[in-house]
Amino acid sequence: MAKENTGQHHQTEARRKKLTLVLGVSGLCILFYVLGAWQNGNVPASFSKMGCETQSNPSSSTPSSSSESLDFKGQNQDEFKELNQTIKYLEPCDLSLSEYTPCEDRQRGRKFDRNMMKYRERHCPSKDELLYCLIPPPPNYKIPFKWPQSRDYAWYGNIPHKELSVEKAVQNWIQVEGDRFRFPGGGTMFPRGADAYIDDIARLIPLTNGGIRTAIDTGCGVASFGAYLLKRDIMAVSFAPRDTHEAQVQFALERGVPAIIGIMGSKRLPYPARAFDLAHCSRCLIPWFKNDGLYLMEVDRVLRPGGYWILSGPPINWKQYWRGWERTEEDLKKEQDSIEDVAKSLCWKKVTEKGDLSIWQKPINHIECKKLKQNNKSPPLCSSDNADSAWYKDLEPCVTPLPNTNNPEESAGGALEDWPDRAFAVPPRILRGTIQDINTEKFREDNEVWKERIAHYKKIVPELSRGRFRNIMDMNAYLGGFAASMLKYPSWVMNVVPVDTEKQTLGVIYERGLIGTYQDWCEGFSTYPRTYDMIHAGGLFSLYENKCDLTLILLEMDRILRPEGTVVLRDNVEMLTKVEKIAKGMKWNTQIVDHEKGPYNPEKILVAVKTYWTGQPSNNNNN
């Protein structure tokens, strides 16, 4: 009898899967309702997990009419009780872990070599060190200010660190005003403020004509440079290490400015070749002159043909500042001469040096550079054929060659449209056929798909079009269609291309004037907790199902997501029911809804909202 029941169960499961593919969630629910199966109690419990039950939408959206009209939950209380009993509820971690960054743990980092800052690079936890608990917000956590007010203010209780306000008081980085921080926009090399500093740069190179869209700010502080570039339609990726300048990247993201924990060390930066129109260092403390100019070679790799490198701070204008910098004139002159020599060896042109600013420009192609390298081969052109590869890849002491061109006036790799046309123009990497199986037609089709998807998202997550979400992450970005479709809203998207995906498309994303990074989602992301308002992911869990524990990916999403933040996941219904079960154990409110094409599409959408809760100090700390 037991064997017979088991066989019936397997047959029922097989029929369910087939029906799901044909009818979709809503169609399947209606079918069973019509057949009377719900009343008879013959439906497997897993059907209850397919969105058939009526739930309040965590995003204040309106469920589909079919979900509203059928009260399946009331008729199957035992099955729902059984479901709730199978949920494993995860506990909060200790409050001391409220700012935990898995792969930038300073205690773990001390075990590694200090040479080339290796100890501050990514070093992720071993299997024994993995945490299966929820990272707690600090006790006085508040929902951050909305953009654009967040550019200038953040709640002290969210990042309770006064160190920078004391250490950088004279430089106007950050000030404490009662229960909040204020960001005056100052910086070490721009005491008049980032706005005035950027105006100085705009007098030297064309910043506002749409030719410069993507920038990288190395050693960014609290990212005031990136914050004030935004008003000029320039999107900067700001990065800094987790070091003695406590929480600088956390402050940047709390302000609503794109930033990531990172360092110029022994590995390539996690970006493709030819990604940025502009690179910037304002007293960023990177030893550009050391290791035979290895760090400038990496800047050269990620700079677009014709891109600019801007340097302010030591050793620039050393004749005026050498006493204040407490260094000798000879030492500073030697450092600047070394930088000038490396720039020449990269075939860069010195555009100008005026006041505290020096600016170089990368050539638009390597026709002349190849001729120069025949006589002076130091550093040589790299022989590696994958300049975009950058995940845990060692820096190489060579010049990354640009794609071949025949015309000295031609931009290597293909010219880009000015912004904003760049966002929807066909990227040169696609035009040149360098991404397998992706052509102009598929790119344009993807843009049309995202128009329909965003229209659907606005129905199931109405806050999307109301400016509720400032910092957004797309965990599996593909061609950046989601980010491009969000440009009309006051938000920015960190486009993540998993290193495990078949098509490596991050170069295409940057050619659209968008930003992003590589990532292995079996590891922690290089950001602080509670730094994103919304997370989107399509097909991510199917991609990683056989690579690592899906619970750990969801816990990492929870760490990154702010309280009351929203998650939108796309995947097949079987995968989403697995994910939903874990998500409910993390204090998320969830609902599975139909695809934008309707109930007959086997792909579904899970919408979840992280509930608001905070960590509590231990009793012995209470007064």
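Two residues are in contact when heavy atoms of theirs lie within 4.5 Å of each other. With that in mind, welcome to this predicted model. We will look at one helix and then at some of the disulfides.

**Helix α16**

Helix α16 covers residues 440–460. How far apart should the ends of its 21 residues be? At 1.5 Å a residue the expected span is 30 Å, and the end C-alpha atoms are 31 Å apart, so the two values agree.

Just at the start of α16, Asn439 makes a polar contact: a side-chain oxygen of Asn439 comes to within 3.2 Å of the backbone nitrogen of Glu441.

Further along, several residues of α16 are buried. They are Phe443, Asp446, Asn447, Trp450, Arg453, Ile454, His456, Tyr457 and Ile460. An α-helix has 3.6 residues a turn, so residues three or four places apart point the same way. That is a handy idea to keep in mind as you follow the helix in the viewer.

What do these buried residues pack against? Two of the partners are the helices α15 (428–431) and α17 (481–485). The others are strands: β14 (532–538), β15 (561–572), β16 (588–594) and β17 (603–610).

**The disulfides**

A disulfide is a covalent bond between the sulfur atoms of two cysteines. How many does the structure hold? There are six disulfides, and the table introduces three of them.

| Pair | S to S distance | Angle about the S-S bond | Handedness |
|---|---|---|---|
| Cys103 and Cys124 | 2.1 Å | 110 degrees | right-handed |
| Cys281 and Cys284 | 2.1 Å | -95 degrees | left-handed |
| Cys382 and Cys398 | 2.0 Å | 100 degrees | right-handed |

The disulfide of Cys103 and Cys124 ties together distant parts of the chain, 21 residues apart. Cys103 sits in the loop between α5 (77–86) and α6 (106–109), while Cys124 belongs to the loop between α6 and β1 (153–155). Is each partner buried or partly exposed? Cys103 counts as buried because its relative accessibility is 1%, whereas Cys124, at 23%, is partly exposed.

In the link between Cys281 and Cys284, Cys281 is buried at 2% relative accessibility, and Cys284 is buried at 10%.

The disulfide of Cys382 and Cys398 also connects distant parts of the chain, 16 residues apart, with Cys382 and Cys398 both in the loop between α14 (367–375) and α15. Cys382 has a relative accessible area of 12%, so it is buried; Cys398, at 9%, counts as buried too.

Conventions. Residues are numbered from 1 along each chain as its sequence is written. This is a predicted model: local features need pLDDT of at least 70, side-chain atom pairs count only at pLDDT 80 or more; totals for chains, interfaces and linings use all residues. Side-chain values use heavy atoms; hydrogens and water are left out. Helices (H or I, at least four residues) and strands (E, at least two) are DSSP runs, numbered from the N terminus. The expected span of a helix is 1.5 Å times one less than its number of residues. Buried means under 20% relative accessible area, exposed over 50%, partly exposed in between (1.4 Å probe, protein chains only). A polar contact is a pair of N or O atoms within 3.5 Å; within protein, one must be able to donate a hydrogen and the other to accept it, and residues adjacent in sequence count only if both atoms are side-chain atoms. A disulfide is a pair of cysteine sulfur atoms within 2.5 Å.
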